[in-house]
Amino acid sequence: MKKFLCSVIIIVLCLAGCAYSDKKVLDPENPVVINMWHNYGGEMQTTMDYLIDQFNGTVGKEEGIVINVTAISSSSELNKSLDMIVNDDPGAPDMPDIFTGYPKVAIQFQRKGMLADLKNYFTEEELEVYVDAFVEEGILDDGGLYVFPVAKSTEILYINRTLFDRFAKETGASYDDFSTFEGIAKLSKDYYLWTDAKTPGVANDGKQFFTADSWFNVAEVAMEQLGDSIFDEEGHVSPEGENYRYIFENFYWPAVEGGVAIHNGYSSDLSKTGDIVCSTGSSAGILFYGDTITYPDGTVEQAEYDMLPYPVFEGGRNIALQRGGGLMVAKTDEKTELAASVFIKWFADAEQNMKFISRTGYLPVTKQAFEEDMALHIEDMEEGSIKKMLTAVFSMYDGWEFFTAPNTVDFDDESSAYEQQFKEVLNKERAGFLNGEEISPETAFDKLKSM
């Protein structure tokens, strides 16, 4: 028995010493340099740089790994360079060992055998510590894990409480209506009429109440809430059926009559000018809202925002979108891939993960961070927008399902085409309404399907 216990202790100590890597492959005396690209800016870049410096000075130093990071100014610039690499264009830069991106980018590299399958470096037990839906988004059609989750977000409802309270005080409007899309549609119509009545001598100058950063996201999530799908069997966008018609018609009259904004741009821009009261958008978008309203005449007013869980259609299931980027590793050699995986494990660990999300507006990616650390983290935070956002998201963790859209090469093109067509149809219907033309949701629905 004593020999057995000694053997167990020796095994445990060996495993503890090899927690991050295989000592036979990595050598602190001959460190491997890992070139990393990311497109984080502002607070996100500051936080990322701090964490990388921390890694290089601790685990990296012990294991023989140096992360050499390059911050690229924007997603478009990063994707342009990655496109050159994957297409082997003349003058393409050398491929980085680690880079940030979305599954749509990973698909192109994976099909050409240019990405490492991270399942080779993570055990099933190790992957179990991460939020299931977040990991699943990075798994491509061959079953390999090619995008490791680090910068995830969901969608929530942003409310300019300063504006809403004035409306509610005079009309009795309730926060309860924010829980459903039908309630938001009703509030939108009521708000337009209420603001229009403020200037009885001017027709059709009511204010808009609601918009969505992505009308495609509203449609795809709402279909899931109602037990349906906006995608056909091949994963292509196909807005069909009675459930989709119901979703479309819910927003049709509020948009046509003026209470819902069909806008080319971000909802935060309209919110900061007082042109809307509420919107659905990414939880990571919290950094863009600010705390003031600047009116057309230059008047500036302090504004208080509230954030609530994502609305649900009546009778539907509590489902919200999850999305975001992750880290990809170039397929190179065992030593480089292993070193990259050591960094990813460290960076995605609950402790580092909480440091990353505390200043960026992103969500935790480990179950421990969501189930244990986040409640304490929120409690210790000063009052502010990020605290409200995290509180809303934290309340969704147990009560909502996180939906992941299909990973297809055509997804971006098809979702963008839908967005453009949806806005074009409803803006034309709005113009027709103002001109006194005969319009109807049925004909508008047919126009959308035929585009």
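Begin by selecting R161, which is partly exposed, with a relative accessibility of 29%. Its partner to display alongside is D165, also a partly exposed residue, at a relative accessible area of 36%. The model on screen is a predicted one, and the side chains of R161 and D165 form a salt bridge in it, 3.4 Å from N to O. Both residues belong to helix α8, which spans residues 161-171; because they lie four residues apart there, about one helical turn separates them. An α-helix has 3.6 residues a turn, so residues three or four places apart point the same way.

**Confidence across the model**

Before moving on, colour the chain by pLDDT. The mean for the protein is 89, and 94% of the residues reach 70 or more. Residues 1-21 have a pLDDT below 50, and this stretch has ten contacts in the model beyond near neighbours in sequence.

**A salt bridge between strand β11 and a loop**

Next, select E401 and R317. A salt bridge joins their side chains, with an N to O distance of 2.8 Å. It connects distant parts of the chain: E401 is in strand β11 (residues 401-403), whereas R317 is in the loop between β9 (305-308) and β10 (319-329), and 84 residues separate the two. E401 has a relative accessibility of 39% and is partly exposed; R317 is partly exposed as well, at 41%. Now add E304, D306 and K388 to the earlier selection of R161 and D165: salt bridges with shared partners join these five residues into one network. Across the model, the count of salt bridges is 20.

**K367 and its surroundings**

Move to K367, in helix α15. What is its salt-bridge partner? K367 pairs with E128, and the closest N and O atoms are 3.6 Å apart. This pair also links distant parts of the chain, since K367 belongs to α15 (residues 367-380) while E128 is in the loop between α6 (124-127) and α7 (132-137), 239 residues away. Is K367 buried or exposed? At a relative accessibility of 18%, K367 falls under the 20% cut-off and therefore counts as buried. To see what surrounds K367, display its contacts, leaving out residues up to four places away in sequence: E128, V129, Y130, V131, D132, E372 and Y397. Side chains of opposite charge can pair when their charged atoms come close.

**The crossing of α8 and α9**

Return to α8 and add helix α9, residues 181-196; the two axes come within 11 Å and cross at roughly 85 degrees. The two helices are therefore roughly perpendicular to each other. To inspect the contact, show F164, R166, F167, E170 and T171 on the α8 side, and L187, D190, Y191 and W194 on the α9 side. By class, the residues of this contact are five nonpolar, one polar and three charged.

Within that contact, centre the view on L187, which is located in α9. L187 is buried, with a relative accessibility of 1%. Apart from neighbours within four places in sequence, L187 is in contact with F164, F167, A173, S174, D177, F178 and F209. For one of these contacts, draw a distance from L187 to F209: the C-alpha atoms are 7.5 Å apart, and the residues are 22 apart in sequence.

**Helix α10**

Select residues 215-225, which make up helix α10. How many of its eleven residues are buried? Eleven of the eleven are, so α10 is largely enclosed by the rest of the structure. Among the buried residues of α10 are W215, F216 and M223, together with the charged-type side chains E220 and E224. Following α10, select G227 and check its backbone: phi is positive there, near 80 degrees.

**Helix α5**

Finish at helix α5, residues 103-111, where P103, V105, A106, I107, F109 and Q110 are buried. Which elements do the buried residues of α5 pack against? They pack against α4 (75-86), β3 (98-101), α7 and β10. Show these elements together with α5, and then step to G113, just after α5, where phi is positive at about 65 degrees.

Notes: Residues are numbered from 1 along each chain as its sequence is written. Side-chain values use heavy atoms; hydrogens and water are left out. pLDDT is the predictor's confidence in each residue, from 0 to 100. Contact means heavy atoms within 4.5 Å. A salt bridge is a side-chain nitrogen of Lys or Arg within 4 Å of a carboxyl oxygen of Asp or Glu. Buried means under 20% relative accessible area, exposed over 50%, partly exposed in between (1.4 Å probe, protein chains only). Axes are lines fitted to C-alpha atoms, for helices over the stretch in contact, and angles run from 0 to 180 degrees between N-to-C directions. Angles under 35 degrees count as roughly parallel, over 145 as roughly antiparallel, 65 to 115 as roughly perpendicular and the rest as oblique.
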